[in-house]
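Here's a quick tour for anyone meeting this structure for the first time. Take a look at the sequence and the 3D view, then read on.

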Amino acid sequence: MRPIDDSPIVRDGNACILAMDHGLEHGPVDFEEVPEKLDPATVFETATHDAVTCIAVQKGIAEGYYPSYEDDVNLLVKLNGTSNLWMGEPDSSLNCSVEYAAEIGADAVGFTLYGGSNNEVEMAEEFREIHEAAREYDLPVVMWSYPRGQGLKNDTKPGTISYATRLALELGADIAKVKYPGSADAMEHAVQCAGDMKVVMSGGSKTDDLDFLSTVEAVIAAGGNGLAVGRNVWQRENPERLLDALEKVIYEEETADAALEA
Ligand code: FBP
């Protein structure tokens, strides 16, 4: 049995992971239009919504803020990350151990793997170590499976996303977080390539409510398991309204239109 099967980061088989590691990955620029969100407590507050199955943060944020929310929020500690200041071939430094994540209360761990990067081999070796350690602690592993680097550069082509889900399955992830490959058919193939592993869509930059929810609807219809989202939730003036709708689309299989009308 995979640790994901009875994990609190899954609800009715699906998940909505609220990501907030952008201060590291993108820098403070992501908070320019919502300066109040620079305070991580505001996003932890949003993560108390029933639609959210866990919050994904780096260990520094987990250490400072999770203790005040441990009764209301499930915690995913991201084990690696890179700043946008790094100009080299895609890579991500391991900055937290599974042991330490477990010690500070993690319900799951997350790891970015850049398949196709010149650093893929080393990243896959690190993934082996964190995966086997996570199994010892019975913690599910979510892979940010982002093929990029060399000729690939941020690729969301259908074949690349299907490769991203398959790669995550074969290396032992419980959930793969991938970019949307552009169509429901392509998503369906990516899900088929994932076998019994769960697949969630990566949120991306903020878009219109209906466009965003329609894409999530397509992911669910394609057999996907929800999403891991940051900016599309917490950059909104009213994240709760979107989360109310996401709850219906992800767990109740409502259409985007119906979910927004309610
Ligand atoms: P968003 O929904 O805001 O795209 O967040 C998801 C996420 O994977 C974050 O965890 C991470 O900080 C960011 O996207 C990385 O995005 P990218 O590397 O594509 O710029």
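What follows goes through the model's confidence, the ligand, the annotated residues, the core and one loop residue.

## How confident is the model?

Keep in mind that this is a predicted model. The chain's mean pLDDT is 96, and 99% of its residues reach 70 or more. As for the overall scores, ipTM comes out at 0.91 and pTM at 0.97.

## Around the ligand

There are 13 residues around the ligand, and the ones that come nearest are Ala19, Glu25, Gly203, Gly230 and Arg231. Three elements give two or more residues to this shell: α1 (22–25), β10 (226–229) and α9 (231–234).

What's the shell made of? Sorted by type, it has four nonpolar residues, six polar ones and three charged ones.

## The annotated pair

In UniProt, an unreviewed entry carries the annotation "active site" for Tyr146 and Lys177. These two span 32 residues in sequence, but their C-alpha atoms are no more than 8.1 Å apart, so they gather at one spot.

Tyr146 sits in the loop between β7 (141–145) and α6 (158–171). It counts as buried because it has 26 C-beta neighbours inside 10 Å, and 20 are enough for that label. Setting aside neighbours within four places in sequence, Tyr146 is in contact with Thr112 and Tyr114.

Lys177, for its part, belongs to strand β8 (residues 175–178). This residue is buried too, with 29 other C-beta atoms within 10 Å. Not counting residues up to four places away in sequence, Lys177 touches Val142, Met143, Trp144 and Ser145, along with Val200, Ser202 and Ala228.

## Inside the core

In soluble globular proteins, nonpolar side chains tend to be buried together. Here, the largest nonpolar core has 84 residues, and Ile17, Leu18, Ile55, Leu76 and Val109 have the most contacts inside it.

Take Ile55 as an example: leaving out neighbours within four places in sequence, its contacts include Leu18, Met20, Phe44 and Leu76.

## A loop residue: Tyr137

Is Tyr137 buried or partly exposed? This residue lies in the loop between α5 (120–136) and β7. It has 14 C-beta neighbours inside 10 Å, so it counts as partly exposed: being buried takes 20 or more, and being exposed means 12 or fewer.

Beyond neighbours within four places in sequence, Tyr137 is in contact with Val98 and Ala102. Tyr137 and Ala108 are 29 residues apart in sequence, and their C-alpha atoms are 9.6 Å apart in space.

How values were computed: Residues numbered from 1 in each chain as written. Predicted model: local features only at pLDDT ≥ 70, side-chain atom pairs only at ≥ 80, totals over all residues. Near = placed C-beta within 6 Å. Helix = DSSP H or I, 4+ residues; strand = E, 2+ residues; numbered from the N terminus. Nonpolar A, V, L, I, M, F, W, Y, C, P; charged D, E, K, R; others polar. pLDDT = per-residue confidence, 0-100. UniProt positions renumbered as here; feature names shortened; annotations may be inferred. Contact = placed C-beta atoms within 7 Å. Core = buried A, V, L, I, M, F, W, Y, C linked by C-beta atoms within 7 Å.
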